[in-house]
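Trainee: I should like to go through the reasons behind the terms used for this structure. May I ask about them one at a time?

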Amino acid sequence: MATKNPSFNIILGSSSKARKQILAEMGYEFTIMTADIDEKSIRREKPEDLVVTLAEAKADAIVQRLLTDGPLKADASTTLLITADTVVVYRGTIREKPTSEKEAREFVKGYSGSHAAVVGSVVVTNLVTGKRYGGWESAEVYFLEIPDEEILVKPNTI
């Protein structure tokens, strides 16, 4: 597939395999940089506010690192930084990435025969102009009963 972004560069501010796959399948070339932030130290009451704040904090950290490490490519007419975050809301509680295999299994077991909301955000920062746009979206996910023997956690997914 031909590259779709010859006039601008993209930095994906995420280590998410799914986000990498989406951009790659769309034919975009991009660089990956991750933000070194303490996500647990950033709290918001509403999940919509939390995911946007986290995506903005990731963008801020990457921009700061780019400014510290040196200038952006001089030949780039535009460089876009894409950051994102996602949480699950289950029975009124915000759930982020599980911290262990045990917690991941507990999460999935709880979803069995139930439903949860997935709230995600994307923030795009133009590193040349400094303009930033972002937003959030949510979806309700309904689960059938999941037998215990089907609740497996793949290595390197948590």
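Trainee: What makes the contact between Asp148 and Lys109 a salt bridge?

Mentor: In this predicted model, the closest N and O atoms of Asp148 and Lys109 are 2.6 Å apart. The cut-off is 4 Å between a side-chain nitrogen of Lys or Arg and a carboxyl oxygen of Asp or Glu, so the pair qualifies. The bridge links distant parts of the chain, with Asp148 in the segment after β6 and Lys109 in helix α3, 39 residues apart.

Trainee: Why is Asp148 called exposed, and why is Lys109 called partly exposed?

Mentor: Exposed requires a relative accessible area over 50%, and Asp148 is at 51%, so Asp148 counts as exposed. Lys109 has 47%, which lies between the limits of 20% and 50%, and therefore Lys109 is partly exposed.

Trainee: Which residue forms a salt bridge with Lys102, and where do the two lie?

Mentor: The partner is Glu106, with the closest N and O atoms 3.8 Å apart; this value is within 4 Å, so the pair counts as a salt bridge. Both residues lie in helix α3, four residues apart, about one turn of the helix. Lys102 is exposed at 58% relative accessible area, whereas Glu106 is partly exposed at 44%.

Trainee: How do you know that Glu39 and Lys58 meet in a salt bridge?

Mentor: Their N to O distance is 3.7 Å, and because the limit is 4 Å, the pair is accepted. Glu39 is in the loop between β2 and α2, while Lys58 is in helix α2, 19 residues apart. Salt bridges that share partners also join Glu39, Lys58 and Asp85 into one network. By this rule the count comes to seven salt bridges.

Trainee: Is Lys58 buried or exposed?

Mentor: Lys58 is at 11% relative accessibility; this is under 20%, so Lys58 counts as buried. Its partner Glu39, at 25%, is partly exposed.

Trainee: Why is the pair of Tyr90 and Tyr111 called edge-to-face?

Mentor: The ring centres are 5.1 Å apart, within the 6.5 Å needed for a pair, and the planes stand at 80°, over the limit of 60 degrees, so the pair is edge-to-face. Tyr90 is in strand β3 and Tyr111 in helix α3, 21 residues apart. Both count as buried, because the 7% of Tyr90 and the 9% of Tyr111 are under 20%.

Trainee: What makes the pair of Tyr111 and Phe143 stacked?

Mentor: The distance is 5.3 Å centre to centre, and the angle between the planes is 15°. Planes under 30 degrees apart count as stacked, so the term applies. Tyr111 lies in helix α3 and Phe143 in the segment after β6, so the pair ties together parts that are 32 residues apart in sequence. Phe143 is partly exposed, with 29% relative accessibility. Tyr90, Tyr111 and Phe143 form one aromatic cluster.

Trainee: Which residues make up the largest nonpolar core?

Mentor: The core has ten residues in all: Ile42, Leu50, Val51, Val52, Leu54, Ala57, Val87, Val89, Ala117 and Val119. The elements that give two or more residues to this core are α2, β3 and β5. The largest share, five residues, comes from α2. A second, separate core of seven residues includes Ala59, Ile62, Leu66 and Leu127.

Trainee: Which residues are in contact with Leu50, leaving aside its neighbours within four places in sequence?

Mentor: Leu50 is in contact with Ile42, Arg43, Arg44, Val87, Ile94 and Glu96.

Trainee: How do you know that the span of α2 agrees with what is expected?

Mentor: The expected span is 1.5 Å times one less than the number of residues; α2 has 23 residues and should therefore span 33 Å. The end C-alpha atoms of α2 are 33 Å apart, so the two values agree.

Trainee: What covers the buried residues of α2?

Mentor: The cover includes β1, β3, β4, β5 and β6. Among the buried residues of α2 are Pro47, Thr53, Ala55 and Lys58.

Key. Residues are numbered from 1 along each chain as its sequence is written. This is a predicted model: local features need pLDDT of at least 70, side-chain atom pairs count only at pLDDT 80 or more; totals for chains, interfaces and linings use all residues. Side-chain values use heavy atoms; hydrogens and water are left out. Rings of Phe, Tyr and Trp (its six-membered ring) pair if their centres lie within 6.5 Å; planes under 30 degrees apart count as stacked, over 60 as edge-to-face and the rest as tilted. Buried means under 20% relative accessible area, exposed over 50%, partly exposed in between (1.4 Å probe, protein chains only). A nonpolar core is a set of buried Ala, Val, Leu, Ile, Met, Phe, Trp, Tyr and Cys residues joined through side-chain atoms within 4.5 Å. Contact means heavy atoms within 4.5 Å.
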